[in-house]
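Here are a few exercises to work through at your own pace. Have a look at the molecule first, then try each task before reading its solution.

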Amino acid sequence: MDSELEKRLRVAFRDKLRLLPAELHAARGRTVPVRDPAALPLSTRVLLKRREVAEVERELQNQRQEFQQRMQRLERRRQQLARRREQHRDAVLRFDSFLK
């Protein structure tokens, strides 16, 4: 039922806005008209670029966080290995003193 209502609304708005189906573009769940960037006003292009830069910066921040988490896991793993190495060394020394 919702899809039928959605279809009717989409058709109504498409007719009202006089957009062809080929001109419609799905972006993040919204339907927006696709336009030639050169035909847009400069202020709109600047805003679009700012949005794009913000998205790229968010992605970069996410990657930095993932990298930081990986480095923390690696450091914990190195500490565990160092503790294990120390335990093995102690066990070898005790065994060696036991044999003597």
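## Exercise 1: A charged trio

Keep in mind that this is a predicted model. To start, E86 pairs with R89 in a salt bridge whose closest N and O atoms lie 2.4 Å apart.

**Task.** Find which residues are linked with E86 in a network of salt bridges.

**Solution.**
1. Begin with the pair above and place it on the chain: E86 and R89 both sit in helix α2, 3 residues apart, which is about one turn of the helix.
2. Next, look at R89 again: D90 also forms a salt bridge with R89, with 3.7 Å between the closest N and O atoms.
3. That distance passes the test, because a salt bridge needs the nitrogen within 4 Å of the carboxyl oxygen.
4. Put the two pairs together, and E86, R89 and D90 are linked in a network of salt bridges.

## Exercise 2: Buried or exposed?

**Task.** Work out how E86, R89 and D90 are classed by relative accessible area.

**Solution.**
1. Recall the cut-offs: buried is under 20%, exposed is over 50%, and partly exposed is in between.
2. E86 has 37% relative accessibility, so E86 counts as partly exposed.
3. R89, at 43%, is partly exposed too.
4. D90 has a relative accessible area of 30%, so D90 is partly exposed.

## Exercise 3: Another pair in the helix

**Task.** Say which residue forms a salt bridge with E52, and how far apart the two are in helix α2.

**Solution.**
1. The partner is K49, with the closest N and O atoms 3.4 Å from each other.
2. Helix α2 covers residues 42-99, and E52 and K49 are 3 residues apart in it, so about one helical turn separates them.
3. E52 is partly exposed, with a relative accessible area of 42%.
4. To close the tally, the count comes to 3 salt bridges.

## Exercise 4: A nonpolar patch

**Task.** Find which residues make a nonpolar surface patch of about 270 Å².

**Solution.**
1. The patch is made by F67, M71 and L74.
2. Take M71 as one of them: M71 lies in helix α2.
3. M71 has a relative accessible area of 39%, so M71 is partly exposed.

## Exercise 5: The whole chain

**Task.** Describe the order of helices and strands, and how much of the chain is buried.

**Solution.**
1. The chain has 2 helices and 2 strands, and along the sequence they follow the pattern α-β-β-α.
2. Of the 100 residues, 2% count as buried.
3. The accessible surface of the chain is about 9900 Å², and carbon and sulfur atoms account for 55% of it.

Technical notes. Residues are numbered from 1 along each chain as its sequence is written. This is a predicted model: local features need pLDDT of at least 70, side-chain atom pairs count only at pLDDT 80 or more; totals for chains, interfaces and linings use all residues. Side-chain values use heavy atoms; hydrogens and water are left out. A salt bridge is a side-chain nitrogen of Lys or Arg within 4 Å of a carboxyl oxygen of Asp or Glu. Helices (H or I, at least four residues) and strands (E, at least two) are DSSP runs, numbered from the N terminus. Buried means under 20% relative accessible area, exposed over 50%, partly exposed in between (1.4 Å probe, protein chains only). Patches are made of residues with over 30% relative accessible area and no salt bridge: like charges are joined within 9 Å, nonpolar side chains (Val, Leu, Ile, Met, Phe, Trp, Tyr) within 5 Å. Accessible areas come from the Shrake-Rupley method with a 1.4 Å probe; for residues, only the protein chains shown count as cover.
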